Amino acid sequence: MSRTVLARAGLLAALTACVLTGCSTPDADETPPPTAPAEPTRSPSPTPSDGPSPETSQGTPSPETSGTSTASPAPPDQAKARWHPQPGLAWQWQLDGRSDPSVDVPVYDIDGFENSAADVAVLHRAGRKVICYVNVGAWEDFRPDQAAFPRALLGRPNGWRGERWLDIRRIDLLRPIMEKRFDMCRAKGFDAVEPDLVEGYGNDTGFPLTPDHQLAYNRMIAAIAHARGLSVGLKNDLPQIPQLLGDFDFAVNEECAQFEECASLTPFVKAGKAVFHVEYEGSTAAFCADSRRLRLSSMLKNPELDTWRKPC
């Protein structure tokens, strides 16, 4: 679900600190039909919590989490074999339950846990590429592997029921868990991965995360996907696009038009990489002209990311 509005204040605060102290990061009404309020499940919030404070329950960061990632690039033949989505591809993003294959678009982005290999196969038979949504930045108590996460890695609740931020400094502990999740995506036949919540450094996680920690973690996530022949998208995290452009095959963005930030995604388009973009408010008339000019794959969606969509 929308991960941008409530997280924005924390992210802007982190970027301001970087500037001051120095850091390594450089038609008719088209409003969606009304729906009943949805139980939010996928969005960060600075809501106070009983999670660990920055001074407690952090564990000891592994030495390999400091500085930049040391992951080796994928061999050229493996990189060539991956799916490389081009700018302008139409898409469907549905995280609410099992996928509905009735939308006639070439790309689907669906929940990796809630959909089976058979669901992916149905989409493949219709000629679609399929992206596997996986949360890599927060623990979720409703996932089947929730017991695999050491308790010391669980930070503050992120404002959505059943979720808590992860201590992404502990790459040594998180890597094997994420490898298993991406193994699941590969085993089900997905073509790519959408790793969510990869900008914890700008939120009140309960851990003293820095932009460098996030860069190292995000590069690790990209390397895990590439090692399995999967393409991988950078979700939001606009400030780190210059550093991460070479590590990611496409971008997924929420609400860049609302916050007048869509031009920040231009490096992906110039590199021949798709930008899959959604807005949740207003009408397509408010953003589609700019989206077409910037060559974004844009649409209006309900915040709960059900089947309804209105593309540009």
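**Helix 4 and the sheet beside it**

Let's start where helix 4 ends: it is followed by Gly189, whose phi is positive, near 95°. This is a predicted model, in which local features need pLDDT of at least 70, side-chain atom pairs count only at pLDDT 80 or more, and totals for chains, interfaces and linings use all residues. Residues are numbered from 1 along each chain as its sequence is written, and side-chain values use heavy atoms, leaving out hydrogens and water.

**Along helix 4**
- Helix 4 covers residues 171-187 and reaches 23 Å from its first C-alpha to its last, close to the 24 Å expected at 1.5 Å a residue (1.5 Å times one less than the number of residues).
- Helices (H or I, at least four residues) and strands (E, at least two) are DSSP runs, numbered from the N terminus.

**Two sides of the helix**
- Among the buried residues (under 20% relative accessible area, 1.4 Å probe, protein chains only) of helix 4 are Ile171, Leu174, Phe182 and Cys185.
- Seen down the helix axis, the buried residues fall within an arc of 145° (taken from the directions from the axis to the C-beta atoms), so they line one face.
- On the other side, Lys180 and Ala187 are exposed (over 50%, with partly exposed in between).

**Neighbours and sheet**
- The buried residues of helix 4 pack against several elements, including strand 3 (129-135) and helix 5 (211-227); contact means heavy atoms within 4.5 Å.
- An open sheet of 9 strands has the order 1-2-3-7-8-9-10-11-12, with mixed pairing (two strands pair if DSSP finds at least two bridges between them).
- Its edge strands, strand 1 (91-94) and strand 12 (309-311), each pair on one side only.
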